Every structure is written in structure tokens, then in C-alpha cells.
Amino acid sequence: MSMEDLYQEIILDHYRKPHNRAPTLDDEDVHVHHSNPLCGDEMDLRIRVDDDGTLDQVVFDGEGCSISQASASAMTIAVAGRELKDALELAEDFRLMMHGEEPTRLDDLQDGIAFQGVARFPVRVKCALLGWMALRDAIETYERGASAHSVTYDD
Ligand code: ZN
């Protein structure tokens, strides 16, 4: 099995059996909604932050292509339990990877690394980034003391 096949399997697995997919989150701190009209992807992301400033729980819900949903699923696992600043840095590492750079935190990205090949397909990059950018927005929304935000990527 080639690396590419393996990555494909990981993506399909997250799509078929998504992790942390839920329409609500008890005691949520922030809810953001992101959409990618180019592909028709919709993403609701909710986070709960622990008293010690770590991500207690991250759940997503939405509809769209397999890449967008699978990437969000992989993201929720990679960032759970991290300090907010650390999660933002990991999101940045993933973003740079989607723009063709070598990720510096291979182990921390966990299954997120399976999406590296998506960088070769510019039209799908926003799909893979949707969950991660929603996370970044949710953390930044939390840090400025708000509880909800909505973003549409339309360029
Ligand atoms: Zn998509």
C-alpha cells in the first residue's frame, strides 16, 4: 500500500465515521459557522474551554464534501486538550502545509497529515482548511470575549 493510498484510507475513514461530530455542545463557550460556497461546504464548530485555558472539547457539524468533513474530524482529535495558543500554532502549521510547505509538527497533526496531498489541488484547499480556520476563528472569538461568529469564504 502506497503512502497515498494510506492517506486516502484515513480520509475516507474520518468521512464515514467522523469523530466529535455533534449538533450541540453542553456549556459551549463559542459557536462559529463557516461556509465555503465554492464547494457548498457548511461547518458549525463549537468549543468549550477549560478553566486552565485548554481546549476541553471541540465538536463540529455540517455538510459538504468528504474532504471538508473528514478534515474537521481529524482536526478535533489533533487539538483536543491543547492550550489555545498551541492549537492556534498547530492550525497555522496545517494552513502552511495546505499551501505547499512542509509541516513542522508531523506528530502533533496526527491524521491531519493525511491531507497533505490536497495541497496539490487548489480548488480543494479551502475544503481541507474549513474546520481548521473555523477553529482558529472560534479561539480568536473566545479571546476577545465573544460567543459567536460567522464567516463566508467567497473569493
Ligand atoms: Zn468541499
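This is a short talk on one structure, covering its zinc site, one helix pair and a handful of single residues. The model is predicted, so please keep that in mind throughout.

I'll begin with the zinc ion. Which residues coordinate the zinc ion? The donors are the SG atoms of C39, C65 and C127, together with D41, which appears twice through OD. The distances run from 2.2 to 2.7 Å. Along the sequence, the donor residues follow the pattern C-x1-D-x23-C-x61-C. Within that set, C39 and C127 link distant parts of the chain, being 88 residues apart. C39 sits in the loop between β1, residues 30–36, and β2, residues 41–49. C127 belongs to helix α5, which covers residues 122–143.

How exposed are these cysteines? C39 has a relative accessible area of 33%, so C39 is classed as partly exposed. C65 comes out at 14% and is buried. C127 is also buried, at 0%.

With several cysteines in view, one may ask how many disulfides a search of the whole structure finds. The number is 0. As a reminder, a disulfide is a covalent bond between the sulfur atoms of two cysteines.

Next, residue N36, which is in strand β1. Buried or exposed, what is N36? N36 is buried, because its relative accessibility is 1% and the cut-off for buried is under 20%. Leaving out neighbours within four places in sequence, N36 contacts D41, K126, C127, L130 and Y153. Two of those names, D41 and C127, came up already as zinc donors. N36 and V79 are 43 residues apart along the chain, and their C-alpha atoms are separated by 22 Å.

V79 brings me to the helix pair. Two packed helices are described by the angle between their axes and the distance between the axes. For helix α2, residues 66–79, and α5, the axes come within 8 Å and cross at roughly 35 degrees. The crossing is right-handed. Which residues of α2 and α5 meet? On the α2 side they are I67, S68, S71, A72, M75, A78 and V79. On the α5 side they are R124, C127, A128, L130, G131, W132 and L135. By type, the contact residues divide into 10 nonpolar, 3 polar and 1 charged. Note that C127 takes part in this contact and also coordinates the zinc ion.

Now two buried residues from other parts of the chain. H14 is in helix α1, residues 3–16. H14 has a relative accessible area of 3%, and is therefore buried. Beyond residues up to four places away in sequence, H14 touches H19, A70, S73, A74, I77 and D111.

R82 is found in the loop between α2 and α3, the latter being residues 84–98. What is the relative accessibility of R82? It is 15%, so R82 counts as buried. Again setting aside residues up to four places away, R82 touches G53, T54, L55, A87, L90, R105 and D108.

A word on backbone angles. Most residues other than glycine have a negative phi, and most peptide bonds are trans. N20 has a positive phi of about 55 degrees and is not a glycine. D27, likewise not a glycine, has a positive phi of about 55 degrees. Where do they lie? N20 is in the loop between α1 and β1, and D27 lies in the loop between α1 and β1 as well. N20 is partly exposed, at 31%, whereas D27 is exposed, at 65%. D27 and R48 are 21 residues apart in sequence, and their C-alpha atoms are 6.8 Å apart in space.

Last, L38, in the loop between β1 and β2. L38 has a relative accessibility of 59%, so L38 counts as exposed. From the C-alpha atom of L38 to that of V59, 21 residues away along the chain, the separation is 23 Å.

To recap, the zinc ion is held by donors from C39, D41, C65 and C127, and helices α2 and α5 make a right-handed crossing. The search for disulfides gave 0.

How values were computed: Residues are numbered from 1 along each chain as its sequence is written. This is a predicted model: local features need pLDDT of at least 70, side-chain atom pairs count only at pLDDT 80 or more; totals for chains, interfaces and linings use all residues. Side-chain values use heavy atoms; hydrogens and water are left out. Donors are N, O and S atoms within 2.8 Å of the metal (3.2 Å for Na, K and Ca); water is not among the atoms, so sites may look incomplete. Helices (H or I, at least four residues) and strands (E, at least two) are DSSP runs, numbered from the N terminus. Buried means under 20% relative accessible area, exposed over 50%, partly exposed in between (1.4 Å probe, protein chains only). A disulfide is a pair of cysteine sulfur atoms within 2.5 Å. Axes are lines fitted to C-alpha atoms, for helices over the stretch in contact, and angles run from 0 to 180 degrees between N-to-C directions. A crossing is left-handed if the near helix is turned anticlockwise from the far one by less than a right angle, and right-handed if clockwise. Contact means heavy atoms within 4.5 Å. Ala, Val, Leu, Ile, Met, Phe, Trp, Tyr, Cys and Pro count as nonpolar, Asp, Glu, Lys and Arg as charged, and the others, Gly among them, as polar.
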